[in-house]
Amino acid sequence: MDFFGRPSMGRPGGPRGPRGFLTEEEKSNKPKITMALVKRIASYLIPYWKQTLIVLIMIFIAAVLGLMPSILTGRIIDEGLIGRDFSLLVRYIALSFGVVVLSNLIGVVESYTNTWIAQHIAFDMRNRMFAHLQAMSHRFFTSSRQGDIITRMTSDIAGVQMVITNTFTSIIRNVIVLVTALYAMFSMNWLLAIIALVIVPLFSIPTKQVGKSRWKLARQSQECNDEINGILNETLSVSGQLLVKLFTNEKYEYDKYVKANARMVKLNIRESLTGRWFGVAINTFTNIGPMLIYLAGGILIMKFDSSLTVGDISVMVALLGRMYQPINSLMNIQVDLIRSMALFTRIFEYYDMPVDIKNAPDAVIPPYITGNLRFEDVSFYYDEKVPILKGINFTLEEGRSIAIVGPSGAGKSTIINLIPRLYDVTGGRILLDGIDIRKLDLNFLRRNIGIVTQDTYLFNGTIRENLLYARFDATDEELIEACKKANIHDFIMAQPDGYDTVVGNRGLKLSGGEKQRISIARVILKDPAIMIFDEATSSLDSISESLIQDAIEPLIKGRTSIIIAHRLSTIMAVDEILVISGGRVVEQGTHHELVARGGVYTELYETQFRRALDDYEARRAVQ
Ligand code: ATP
């Protein structure tokens, strides 16, 4: 709140200093206010120019009307009270009252129109931001902090909304009120008007001094707030709570929280008390002005026999009150303006981020696709200094399956990420049916590729909703058929709500194996030309594993598919194995060919797969 009791402007949710001061973060990110930036911000108002014009007219009318009660005070005193004319007194009072009511009604229309504009601008901005973020590449999401993205979508745009409803209109309103009040004062009596202006510089002394100590406190409470948020984020997240429970550290976490909470309370009390002293100082100065006018007016009337009346002096005092408020607001406006510009710049920064993976201008959509995939001398890096893939060559013919194996970090996931263009190759090319995938329509390409990732993501909804995400028009029969193939139908039917069972936050109510089978069913429903499986490295129990195996094996038979394999049973089911090491294909062939070669694969086989082979064969024997 400022000392007139109105809420002060700032970025909601974000670190913010008190009025009149910028935080260190704000200082270091101070935007350059250029003509281009102002024009760009103004461009958001252009579609709403009619409403903006209404707001401006309303502000002007309200400002002029706002002067009337002050001016009428003089008439009430001189003509009504001193002139002892009761009917005139009542008429002036009624007029004042009428003007106040009218100006308040205009204020309502103004704030309605204003809010309407701000909401619509924020609506446009949010939609545009959402569409832009959806077009951003996978690289953007892996390299940005999720919190940052959400902040720009939510609090930054909410801040912009507030800037339009508060800062911009407050500047215009204050300037108009100040100019009209000054005009009225100078036209009444220029000498008294100058005297009233003399004390204006005194305002800045308490503003700066008290503001500094508030700023210090605000920073401390911001730090304390960050600490509290940190505790909440860590302890109240799913994994955090799990850790707390398993180590029975509830008391420890509670004490830590209470301590930070208590510190926050102390700081808040101190901060609000400083605010109170601040108010006292400002009030003192505000009250000096009227005294000066009474004194100067008295001198003029008594010593210089001026024609000034008591009413005139009262009008000057009333106008003075109207003048101080906008002066005070405008003194702090620079900070508000910088904050507002910073908000816009933060949002524009995101808008201006180039979309690095997009449709080629002459992108093609072939009439049909067989699914022949070819990597031609493909190289790739995430960071220029660290090459990840170095000249990968292989061909996957229609209807055949390939397993990619290799040590951890060899580049297996990277290879499959290149196929749906989550990243673009940095050298060589990938061909689908002989066409460079960068020339194919991006949606067409992605529609034809289905991936079951290691880290299965399910939305918080029902199993049915999660399955339908692959194809919104799929029938119940198709859903059931896909789930039967993925070995998950019986499990779903055993749930009390069947296909309408809610999976919980990120699917946490399901086991890893169940989630993976649902995601297999989801890909079956999509029915892509090429299927890609990133087999989970995490160990599943043998029942879950065999359920998944039994789902995957028939699927890859006769289907163009690639599997990053960690289990021998999968490797045995594919047509060909690619062994990746150090970003290159070091061996290629069937299991028996590779074992006979005695190279990297044999080593992998000895260390990773051998034990699994025994289990696998034992299981097959039982079946
Ligand atoms: P694993 O079997 O453990 O999953 P992998 O063979 O699939 O490993 P990749 O995930 O392809 O290996 O990673 C290959 C290399 O690229 C690793 O060194 C990894 O640290 C690096 N890497 C992976 N993703 C990124 C990324 N988004 N940004 C930068 N480097 C990355």
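Student: Leaving aside neighbours within four places in sequence, which residues is Ile520 in contact with?
Tutor: A word on the basics: this is a predicted model, where local features need pLDDT of at least 70 and side-chain atom pairs count only at pLDDT 80 or more, while totals for chains, interfaces and linings use all residues. Residues are numbered from 1 along each chain as its sequence is written, and side-chain values use heavy atoms, with hydrogens and water left out. Contact means heavy atoms within 4.5 Å. With those sequence neighbours set aside, Ile520 touches Val452, Ala486, Phe533, Ile548, Ile552 and Leu555.

Student: Which helix gives the largest share of the largest nonpolar core?
Tutor: Such a core is a set of buried (under 20% relative accessible area, 1.4 Å probe, protein chains only) Ala, Val, Leu, Ile, Met, Phe, Trp, Tyr and Cys residues joined through side-chain atoms within 4.5 Å. The largest one has 42 residues, and Ile520 and Phe533 are among those with the most contacts inside it. Its largest share, 6 residues, comes from a DSSP helix (H or I run, at least four residues, numbered from the N terminus): residues 512-526, helix α17.

Student: Now the ligand: which helix gives the most to the shell around it?
Tutor: Residues count as around the ligand if a heavy atom lies within 4 Å of it, and they include Tyr382, Pro407, Lys412, Ser413 and Thr414. With 3 residues, the top contributor is the helix spanning 412-418, α12.

Student: How far is the side chain of Ser413 from an oxygen atom of the ligand?
Tutor: Polar contacts here pair N or O atoms within 3.5 Å. The backbone of Ala410 has a polar atom 3.1 Å from a ligand oxygen. For an N or O atom in the Ser413 side chain, the distance to a ligand oxygen is 2.7 Å.

Note on methods. A polar contact is a pair of N or O atoms within 3.5 Å; within protein, one must be able to donate a hydrogen and the other to accept it, and residues adjacent in sequence count only if both atoms are side-chain atoms. Helices (H or I, at least four residues) and strands (E, at least two) are DSSP runs, numbered from the N terminus. Buried means under 20% relative accessible area, exposed over 50%, partly exposed in between (1.4 Å probe, protein chains only).
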